[in-house]
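User: Please take a close look at a single part of this protein and explain how its surroundings are built. I would like one connected account, with the cut-offs stated.

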Amino acid sequence: MKKTLKIVLCIFAALLVINFAIYFFTREQYELTDEWKQTVLENYNEFIAETEGDSSRIPMIISTDQHGAISADSGFYEYINSITDWNKISRIINLGDTVKLVFNPLELIDYGKATKCLPVDKRVEVIGNHDRFFVPTGKLVEKWFFNNPDALYSEDRKAFVIEDNEYNVRYLSVDTKCFPYYYTNGRLWTNQADFIINELSKTDESDVILLSHAYLFKDEMIARDGSTFTGSEFFIGSESKGGDVRQSFIDMLAARKNKAAGTLIDSEGVLHPYDFSQCKSDFLVALHGHHHTEGYETKDGITEFLFQSMTLDNKDDSEPLCFYYAYIDTQAKILKVWKNLPGYQPLEVEIG
């Protein structure tokens, strides 16, 4: 047993050394060009003009899949902060995969320095699969690097909720990744499921937005040009002791939208009855990163949107310094996004 433990620790140490070497020798740094700044400013002004004073529209700033691209002195967040009136924004949301390859405290420290200018009470930090990879205890990541001070966490810290009373919305974040790391299948734990159902069952007026790094669906994602593509990984694996967890979770979200009752099965085979018939608010939309490509889909009455990643990678459609302004119109049932890169027009998506 001791010999096996030593081997595991040596492998873990070697991986960390390799990861640190990647950090020092392959860091990507992008220039904030005048063209990019002008695009961001013009989009911001248009975005604020459409949301300011309209209580039915929830304004957000969203980025995802940075993969180590933001250094402490990049100026990226400093520029965003310099033009933003935070009284007119609900939240600025990071949807995860902040590190390049695997858990790397040096990259996360850099990210912390770069985002220090942002108001703490406006931030929402979601954990991605790369952020958690090779971390034996999730609390090291969650408490040190992705802490949300205003959040109410589940007992296992794999789900949390942040209330925004000003915009009458509840952000519900669900993390289905774990250590040991399962690449293609997430897990939904029992106390995590209890927490999620409790939050979805509340009968106040706050609408619900689901946040997670990985996405719910897979087939017929719609791209900006109208073409479709297929995703590569599920939010939750189908395997369970007695049922399809992924479909059961989607069925629960559809039930929340339709104010219905049912039963959720978690990855441990435990059944969780729910009844949303007394809920007054709406389940609005699910927001994700992970795929690196922009797209959306409505299925079973649930709309999800995948945001483009921020970094340049020849293996996918990532783009440097890509982030979004977005709002949800709770009356018109529209999600509108501004992709902050030169040459893109705002995109409107009808939500289920």
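Does Thr115 count as buried or exposed, and why?

Analyst: This is a predicted model, in which local features require pLDDT of at least 70 and side-chain atom pairs pLDDT 80 or more, whereas totals for chains, interfaces and linings use all residues. Residues are numbered from 1 along each chain as its sequence is written, and side-chain values use heavy atoms, without hydrogens or water.

Thr115 counts as buried because its relative accessibility is 0%; buried means under 20% relative accessible area, exposed over 50% and partly exposed in between, with a 1.4 Å probe and protein chains only. Thr115 belongs to the loop that runs between α4 (105-114) and β3 (123-125). Helices (H or I, at least four residues) and strands (E, at least two) are DSSP runs numbered from the N terminus. From this loop, the side chain of Thr115 reaches the backbone oxygen of Gly112 at 3.4 Å. That is a polar contact: a pair of N or O atoms within 3.5 Å, where within protein one must be able to donate a hydrogen and the other to accept it, and residues adjacent in sequence count only if both atoms are side-chain atoms. Apart from neighbours within four places in sequence, Thr115 is in contact (heavy atoms within 4.5 Å) with Tyr77 and Arg123.

Thr115 and Arg123 also help to line the largest pocket; together with Glu125, Phe145 and Asn147 they lie nearest its centre, out of 15 lining residues. Two elements, α4 and β3, each give two or more residues to this lining, and α4 provides the largest share, 3 residues. The pocket holds about 250 Å³ of space, and its lining divides into 8 nonpolar, 4 polar and 3 charged residues. Here Ala, Val, Leu, Ile, Met, Phe, Trp, Tyr, Cys and Pro count as nonpolar, Asp, Glu, Lys and Arg as charged, and the others, Gly among them, as polar. On a 1 Å grid over the protein atoms alone, a pocket is an open set of points with protein on both sides within 12 Å along at least five of seven lines, a cavity is a set where a 1.4 Å probe fits but cannot get out, and lining residues have an atom within 4 Å of a point. Points are joined across faces, edges and corners, and a volume is the space filled by probe spheres set on them.

Tyr77, the other contact partner of Thr115, leads to an enclosed space. The whole structure has 4 cavities of 30 Å³ or more. The second largest cavity has a volume of about 80 Å³; of its 16 lining residues, Ser63, Tyr77, Ile92, Ile93 and Asn94 are the closest to its centre. Two or more lining residues come from each of β1 (57-63), α3 (76-83), β2 (91-94) and β3. This lining comprises 11 nonpolar, 3 polar and 2 charged residues.

The helix α3 spans 76-83, and Phe76 is among the residues with the most contacts inside the largest nonpolar core, as are Met60, Ile209 and Leu287. That core has 59 residues, a core being a set of buried Ala, Val, Leu, Ile, Met, Phe, Trp, Tyr and Cys residues joined through side-chain atoms within 4.5 Å. Leaving aside neighbours within four places in sequence, Phe76 is in contact with Leu32, Trp36, Ile70, Met310, Leu321 and Phe323.

On the other side of α4 in sequence, Asp97 is placed in the loop between β2 and α4. Asp97 is buried, its relative accessible area being 1%, and its side chain makes a polar contact of 3.0 Å with that of His213.
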